[in-house]
Amino acid sequence: QDAVASDRLLPPGVLLHIRISDVEDLKERLPKTAFGKVYQDDSMAKLRAKIEEGYEKASEEAGKGLGFPLKDLLELPTGEFSISMIQPSGRPLAGVVIMDIGDQKDTLEKALAKLDEAIKGNGAEKKTETVDDVEVTIYEMPKAGSDSEKNTFCYFTHDTRFVGGSDMSVLQDILSRWKGDSDDVLAEQEV
């Protein structure tokens, strides 16, 4: 069964939604676009070499920090990838990423382990909650300049998808729409 598109998972209140419906297809088609053709043109050889050299150096450094090649991390999104900003009624602005990871679960787990280490190293508290039989990991970090307010980052993986965001209630909203049978979604909003 095909995964439900992100615009059918997101609750109303979306202010920004950037979606790539198929990352693998985009990678295949990009060289055939005007931009891709210009980039591959012989007149761009020196610039292309500098960009690729810079990428290789940055990739090597990032790989040392990650403990695995940056290339693996960049290959995580395999199908749909979306980034959204949501202003749910009566709640603060929230960001959410929905990414199809296909069979890249091992790489995602390595990346999440590094993320866990970094976030907890900065004083975050970690807990988990189960929502609709899905474990959601939640990090709460002290908000700068406040003794009582906290920033939140939470995520879950379900089926072949990673969903991460800044508001647990938005992730709960997404899980409640997981089967794609709700009409109270971004796809049904008038623009």
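**Briefing: a loop with positive phi and the nonpolar cores**

Asp 132 sits in the loop between strand E4 (125-131) and strand E5 (134-142); strands (E, at least two residues) and helices (H or I, at least four) are DSSP runs, numbered from the N terminus. Keep in mind that this is a predicted model: local features need pLDDT of at least 70, side-chain atom pairs count only at pLDDT 80 or more, and totals for chains, interfaces and linings use all residues. Residues are numbered from 1 along each chain as its sequence is written, and side-chain values use heavy atoms, with hydrogens and water left out.

**The E4-E5 loop**

- Asp 132 isn't a glycine, yet its phi is positive, at about 50 degrees.
- Asp 132 is exposed, with a relative accessible area of 52% (exposed means over 50%, buried under 20%, partly exposed in between; 1.4 Å probe, protein chains only).
- Asp 133 is in the loop between E4 and E5 too, and has a positive phi of about 65 degrees without being a glycine.
- Asp 133 counts as exposed, at 77% relative accessibility.

**The cores**

- The largest nonpolar core (buried Ala, Val, Leu, Ile, Met, Phe, Trp, Tyr and Cys residues joined through side-chain atoms within 4.5 Å) has 22 residues, and Leu 10, Val 96, Val 136, Phe 156, Val 163 and Ile 174 touch the most other members.
- Strand E3 (94-100), E5, strand E6 (150-158) and helix H6 (168-176) each give two or more residues to this core.
- H6 gives the most to this core, with 5 residues.
- Apart from this core lies another, of 10 residues, including Met 99, Ile 101, Ile 119 and Ala 124.

**Around Phe 156**

- Leaving out residues up to four places away in sequence, Phe 156 touches, among others, Val 136, Val 163, Leu 171, Ile 174 and Trp 178 (contact means heavy atoms within 4.5 Å).
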